[in-house]
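Colleague: I should like to go through this model with you and ask what lies behind the terms used for it. Please set each value against its definition.

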Amino acid sequence: MGKILLARVDDRLIHGQVMTKWSKGMNTNALFVVDDATAADPFMKDIYMMSTSNTGMTIKVLSIDEAVDYWNKENYEDYRVILLFKTIGAVKDAIDKGLPIERLNLGGIAKGKDSKFVIPNVAVKPDELEVLKEIANKGIEVFFQVVPDTKAVSLKDAIKSY
């Protein structure tokens, strides 16, 4: 049976920090990009899937429904996986559909209109903060941290500084 080690919101999805810091530090053998638009784009899907051709790590690009179905049918086989989402809304959707996420890391969200930095490189809007509260109220650990060797900021502390 597989295990979801971490879910991460990072609008860049797979990049150097994810590959060198998060995946290796957690003894991960798979990264699953969970994003409806990327899963529907054959060109982008191929780019992500080829990005680890020499690492020995498995990469899958799945829509939210595919990720949930794969868990329900196969429990992600023997993969120790980090799930990568582009948005907080996508994570909420996956959780609402039954994906058993225990830890949610917010590690890379560009600043946009109406958003505010919680930590450097991670900006959220007020309505997204409310969604994160809903997620945390389901017993899921929610924290902000760009890379594992920096200090993690809990959702509770992030709300205080927001």
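Modeller: Leaving aside neighbours within four places in sequence, D35 is in contact with L62, S63 and K86; contact means heavy atoms within 4.5 Å. This is a predicted model, in which local features need pLDDT of at least 70 and side-chain atom pairs count only at pLDDT 80 or more, while totals for chains, interfaces and linings use all residues. Residues are numbered from 1 along each chain as its sequence is written, and side-chain values use heavy atoms, with hydrogens and water left out.

Colleague: What makes D35 a residue without a salt bridge, and where does D35 lie?

Modeller: D35 lies in the loop between β2 (30-34) and α2 (36-39); helices (H or I, at least four residues) and strands (E, at least two) are DSSP runs, numbered from the N terminus. A salt bridge requires a side-chain nitrogen of Lys or Arg within 4 Å of a carboxyl oxygen of Asp or Glu. The nearest side chain of opposite charge to D35, that of K86, is 4.3 Å away, and D35 has no salt bridge although buried. In counting charge, Lys and Arg are positive and Asp and Glu negative, with His and the chain ends not counted.

Colleague: Why is D10 called buried, and why is R12 called partly exposed?

Modeller: Buried means under 20% relative accessible area, exposed over 50%, and partly exposed in between (1.4 Å probe, protein chains only). D10 has a relative accessible area of 0% and is therefore buried; R12, with 46%, is therefore partly exposed.

Colleague: Which salt bridges does D10 form?

Modeller: D10 pairs with R8, the closest N and O atoms being 2.8 Å apart, and R8 is buried, as is D10. The side chains of D10 and R12 also meet in a salt bridge, at 4.0 Å from N to O. The structure holds ten salt bridges, and K92, D96, E134 and K138 are linked in a network of them.

Colleague: How do you know that K97 and D65 form a salt bridge, and why does the pair tie together separate parts of the sequence?

Modeller: Their side chains meet at 2.6 Å, N to O. K97 lies in the loop between α5 (88-96) and β5 (103-108) and D65 in helix α4, so the pair ties together parts that are 32 residues apart in sequence. K97 counts as partly exposed because its relative accessibility is 37%, and D65 because its relative accessible area is 41%.

Colleague: What makes N75 and E77 notable in their backbone angles?

Modeller: N75 has a positive phi of about 50 degrees although it is not a glycine. Phi of E77 is near 50 degrees, again a positive value in a residue other than glycine. N75 lies in the loop between α4 (64-74) and β4 (80-85), and E77 is found in the loop between α4 and β4. N75 is partly exposed because its relative accessibility is 26%.

Colleague: What is meant by the largest nonpolar core, and which residues touch the most other members?

Modeller: A nonpolar core is a set of buried Ala, Val, Leu, Ile, Met, Phe, Trp, Tyr and Cys residues joined through side-chain atoms within 4.5 Å. Of the 43 residues in the largest one, L83 and F144 touch the most other members. Apart from it lies another core, of 16 residues, among them L13, I14, A39 and I59.
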